[in-house]
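User: I'd like to go through this model and pin down what stands behind each label. Can you take me through it?

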Amino acid sequence: SGIRLPAGLVDGDRLPEPIFTPSTKAPVGEHDEPIPYERVEQEIGSALAARVRELTVAILERGNEIATARGIILADTKVEFGLRGEEVVLADEVLTPDSSRFWPADLWDPGHPQPSFDKQFVRDWLTSPASGWSKASGEAPPALPEDVVAQTRAKYVEAYERLTGETF
């Protein structure tokens with residue numbers, strides 16, 4: 001997104017403050033494409049871009065407060081907005097294992113990928129030799145084995161229970 005990060009960061013390091021890294025849907029496929037803030041301003045105007053950035057950072061800060069108090073690091077999150085007339089509205093889920101990257105604070109160890117409570121577990125399986133699949137093949141990914149589904153569900157349930165303090 002064109003944002004300069006502090007020198008010397010390693011995988012899993014904390015940033016000094018939350019940052020806004022805008023993206024848009026790529027013209028082909030289902031993935032997001034990072035874009036510079038200036039493009040956001042060009043596409044939706046400076047005032048609306050500033051409002052979306054302000055809301056995104058506020059959501060991340062509040063999510064961090066909740067997660068930190070419960071022994072979880074909120075490494076990043078995706079927030080999607082829409083408009084209802086002139087009003088900015090939250091347009092999708094927020095602070096879930098599908099939209100965020102949650103790490104157990106007690107296992108946090110910068111310098112390599114972190115254990116997580118999110119869909120990274122599924123991505124890791126899909127890119128492993130065990131799946132027999134390659135994204136480059138252009139083929140649809142294989143069905144997830146029951147053990148991968150069960151382990152993913154367990155991670156999501158643990159995230160829910162730790163974040164809310166309630167039993168799922």
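**Labels and the values behind them**

Analyst: Sure, and keep in mind that this is a predicted model. Let's begin in helix α2 (residues 46–69), where Arg-62 and Glu-65 both lie, 3 residues apart, which is about one turn of the helix.

User: What makes Arg-62 and Glu-65 a salt bridge?

Analyst: Their side chains meet at 3.0 Å, N to O. The cut-off is 4 Å between a side-chain nitrogen of Lys or Arg and a carboxyl oxygen of Asp or Glu, so the label fits. In general, side chains of opposite charge can pair when their charged atoms come close.

User: And why is Arg-62 called partly exposed?

Analyst: Arg-62 has a relative accessible area of 47%. Buried means under 20% and exposed means over 50%, so 47% lands in between.

User: How many salt bridges are there in the whole structure?

Analyst: A search of the whole structure finds 8. One of them is between Asp-76 and Arg-101, with the closest N and O atoms 3.1 Å apart. That pair links distant parts of the chain: Asp-76 is in strand β3 (residues 72–77) and Arg-101 in strand β6, 25 residues apart. Asp-76 is partly exposed at 33% relative accessible area, and Arg-101 counts as partly exposed at 26%.

User: What makes Glu-33, Arg-39 and Glu-43 one network?

Analyst: Salt bridges that share partners join Glu-33, Arg-39 and Glu-43. Within it, the side chains of Glu-33 and Arg-39 meet at 3.7 Å, N to O, so they pass the 4 Å cut-off. Glu-33 is partly exposed at 29%, and Arg-39 is partly exposed at 30%.

User: On to the rings. How many aromatic pairs are there?

Analyst: The search of the whole structure turns up 2 aromatic pairs. Phe-20 and Tyr-37 form an edge-to-face pair, at 6.1 Å centre to centre with 80 degrees between the planes. The pair links distant parts of the chain, with Phe-20 in the segment before β1 and Tyr-37 in helix α1 (residues 37–44), 17 residues apart.

User: Why is the pair of Phe-20 and Tyr-37 called edge-to-face?

Analyst: A pair of aromatic rings is described by the distance of the centres and the angle of the planes. Here 6.1 Å is within the 6.5 Å limit for pairing, and 80 degrees is over the 60 needed for edge-to-face, so both conditions are met.

User: Are Phe-20 and Tyr-37 buried or exposed?

Analyst: Phe-20 has 12% relative accessibility and Tyr-37 has 13%. The limit for buried is under 20%, so Phe-20 and Tyr-37 are buried.

User: What about Tyr-160 and Phe-168?

Analyst: Tyr-160 and Phe-168 also form an edge-to-face pair, at 5.4 Å centre to centre and 80 degrees between the planes. Tyr-160 is partly exposed at 32%. Phe-168 comes in at 59%, so it clears the 50% line and counts as exposed.

User: How do you know that Arg-53 lies over the face of Tyr-37?

Analyst: Arg-53 is 4.1 Å from the ring centre of Tyr-37. The limits are 6 Å from the centre and 35 degrees from the ring normal, and Arg-53 is listed as over the face, so it satisfies both. Arg-14 likewise lies over the face of Trp-108, at 5.4 Å from the ring centre.

User: What makes the side chains of Ser-100 and Thr-77 a polar contact?

Analyst: Their side chains come to 2.6 Å, and the cut-off for a pair of N or O atoms is 3.5 Å, so the contact counts. Ser-100 is found in strand β6 (residues 100–104), and at 6% relative accessible area it is buried.

User: And why is Ala-136 called exposed?

Analyst: Ala-136 reaches 76% relative accessibility, and exposed means over 50%, so the label follows. Ala-136 lies in the loop between α3 (120–126) and α4 (146–164).

User: Which residues form the nonpolar surface patch?

Analyst: Ile-3, Leu-5, Leu-9 and Leu-15 form that patch, with about 300 Å² of accessible area together. Leu-5 is in the segment before β1 (23–25).

User: Last one: what is the overall make-up?

Analyst: The protein has 4 helices and 6 strands, in the order β-β-α-α-β-β-β-β-α-α along the sequence. Of its 168 residues, 26% count as buried.

Methods. Residues numbered from 1 in each chain as written. Predicted model: local features only at pLDDT ≥ 70, side-chain atom pairs only at ≥ 80, totals over all residues. Heavy atoms only, no water. Patch = residues over 30% accessible without salt bridge, like charges linked within 9 Å, V, L, I, M, F, W, Y side chains within 5 Å. Areas by Shrake-Rupley, 256 points an atom, 1.4 Å probe, with all protein chains shown as cover. Helix = DSSP H or I, 4+ residues; strand = E, 2+ residues; numbered from the N terminus. Phe/Tyr/Trp six-rings, centres within 6.5 Å; stacked < 30°, edge-to-face > 60°. Buried < 20%, exposed > 50% of the residue type's maximum accessible area, 1.4 Å probe, protein only. Polar contact = N/O pair within 3.5 Å; in protein donor to acceptor, adjacent residues only side chain to side chain.
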